[in-house]
Amino acid sequence: MDKLDIIIIGGGPIGIACGLEAQKEGLSYLILEKGPIVNSLFNYPSNMQFFSSSEKLEIDEIPFISKEAKPKRNEALEYYRRIVTSNKLRIHLFETVKGVTKDGDHFSVTTDKTVYRTTKVIVATGFYDLPNPLNVPGEELAKVSHYYKDPHFYASQKLAVVGASNSAIDAALECWRKGSEVSLIIRGPEVGQRVKYWVRPDIINRIEEGSIKAYYNATVKEIRKDTILIDTPDGEVVLENDFVLALTGYMPNFEFLEKMGITFSDDEKRLPTYNPKTMETNISGLYLAGVICGGMETHKWFIENSRIHAKIIIGHVTETSANEIDS
């Protein structure tokens with residue numbers, strides 16, 4: 001294959017937006033996605049409803065029509081899939097990028113299938129692939145999962161949900177409504193303040209009425225075959241347990257970025273280095289787009305406020321290319 005203008009790593013909404021912008025500018029590009037179209041969204045819980053309204057999830061001003069103001073997962077999958085297929089975007093699915101190296105004025109992008117040469121690289125990989133571990137004995141047991149899909153699986157089971165964010169609260173409520181005996185283990189003193197405003201009162205009411213047992217200021221100490229040991233302000237508590245959903249958040253693949261040569265802030269936020277005016281990293285020609293820009297601050301960037309990255313990046317790429325031709 002001849003050298004491309006741009007390789008876009010990640011076929012989520014922001015990667016797709018970058019592809020649309022590149023296509024409009026007549027640039028040769030390729031989107032590489034290790035799973036299906038919008039892989040992260042595909043792996044969201046089956047019944048998930050977005051916090052954002054449908055118009056805030058739109059890319060390239062293509063209308064997103066949903067049954068309710070805030071769309072469901074399946075509606076988003078349909079929307080982004082149709083954008084890819086109707087615009088005939090160049091995308092390779094189920095192809096995993098293993099590494100990116102720069103040699104002179106071009107990059108080599110190595111995947112599990114081949115090696116591509118390109119002038120520019122956009123990394124839009126998100127953060128949903130690496131869960132934050134509990135780092136406790138028993139976390140490797142088959143009954144423990146860092147991902148939640150469908151409440152039916154946990155019906156009539158004793159379920160411990162670890163976390164206080166949207167994913168944990170949604171799972172606790174859905175599983176309780178399908179007949180699970182739910183215990184909610186929360187590290188802080190209350191349900192997370194960023195929980196969806198129409199969901200937070202629901203979980204608080206279920207806790208107050210005793211339908212869901214919540215342990216505040218609590219941490220998991222050990223997960224055993226039939227029980228889970230937690231540390232609470234009142235001492236250690238042993239709960240009978242069939243399954244554990246450790247929904248404690250996710251993180252970007254920092255190792256993948258570091259191997260490219262991207263630098264980070266040295267604090268716990270681990271913010272990657274990039275110019276917010278161009279989205280270019282400390283490596284010339286290598287750009288970041290989407291939620292990955294927030295490092296460990298995974299609540300900072302969403303589809304609605306990072307979709308603009310596509311226009312910023314492609315605008316800088318075309319401007320840079322024009323300047324190179326003039327010189």
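**Exercise 1. Describe the surface, overall dimensions and fold content of the protein.**

*Solution.* The accessible surface of this predicted model amounts to about 15,800 Å², and carbon and sulfur atoms account for 50% of that area. The next step concerns extent: the C-alpha trace spans about 70 × 40 × 35 Å along its principal axes. For 327 residues, a compact globule would be expected to have a radius of gyration near 20 Å, and the value of 22 Å found for the protein agrees with this. In secondary structure, the protein holds 8 helices and 17 strands. Finally, 51% of the 327 residues are buried.

**Exercise 2. Determine what share of the contacts between residues at least 6 apart in sequence joins residues at least 24 apart, and how far apart the mean positions of the positive and negative charges lie.**

*Solution.* Of the contacts between residues at least 6 apart, 61% join residues at least 24 apart in sequence. For the charges, one first counts 38 positive and 45 negative ones. The mean positions of the two sets are then found to be 3 Å apart.

**Exercise 3. Establish the strand order of the open sheet of 5 strands and identify its edges.**

*Solution.* The order is E8-E15-E9-E10-E11, and the pairing is parallel. The edges are strand E8 (144-145) and strand E11 (213-215), each of which pairs on one side only.

Consider next the pairing of E8. Its partner is strand E15 (residues 243-246), joined to E8 in the parallel sense over 2 bridges. Within this pair, serine 145 stands opposite leucine 245 of E15.

Further along the order, strand E9 (residues 158-162) pairs with E10, again in the parallel sense, over 5 bridges. Here valine 162 faces isoleucine 185 of E10.

The last step asks how E10 is placed. In strand E10 (residues 181-185), 4 of the 5 residues are buried, so the strand is largely enclosed by the rest of the structure.

**Exercise 4. Characterise the environment of valine 121.**

*Solution.* Valine 121 belongs to strand E6 (residues 115-123). Its relative accessibility is 0%; because buried means under 20%, valine 121 falls in that class. Neighbours within four places in sequence are set aside, which leaves contacts of valine 121 with Ile7, Ile9, Val100, Phe107, Val109, Gly285, Leu286 and Tyr287. As a separate comparison, valine 121 and leucine 229 are 108 residues apart in sequence, and their C-alpha atoms are 46 Å apart in space.

**Exercise 5. Decide whether threonine 227 is buried or exposed, and list its contacts.**

*Solution.* Threonine 227 lies in strand E13 (residues 227-232). The relative accessibility of threonine 227 is 19%, and the limit for buried is under 20%, so threonine 227 counts as buried. Beyond four places in sequence, threonine 227 contacts Lys143, Val238, Leu239, Glu240 and Asn241.

**Exercise 6. Locate serine 54 and assess its burial.**

*Solution.* Serine 54 is placed in the loop between helix H2 (39-42) and helix H3 (73-86). With a relative accessible area of 8%, serine 54 is buried. Residues up to four places away in sequence are not counted in the last step; serine 54 then touches Phe64, Ser66, Ala69 and Pro71.

Terms used
Residues numbered from 1 in each chain as written. Predicted model: local features only at pLDDT ≥ 70, side-chain atom pairs only at ≥ 80, totals over all residues. Heavy atoms only, no water. Rg over C-alpha atoms; globule rule 2.2 N^0.38 Å. Buried < 20%, exposed > 50% of the residue type's maximum accessible area, 1.4 Å probe, protein only. Contact = heavy atoms within 4.5 Å. Areas by Shrake-Rupley, 256 points an atom, 1.4 Å probe, with all protein chains shown as cover. Lys, Arg positive; Asp, Glu negative; His and termini not counted. Charge placed at Lys NZ, Arg CZ, Asp CG, Glu CD. Pairing = 2+ DSSP bridges.
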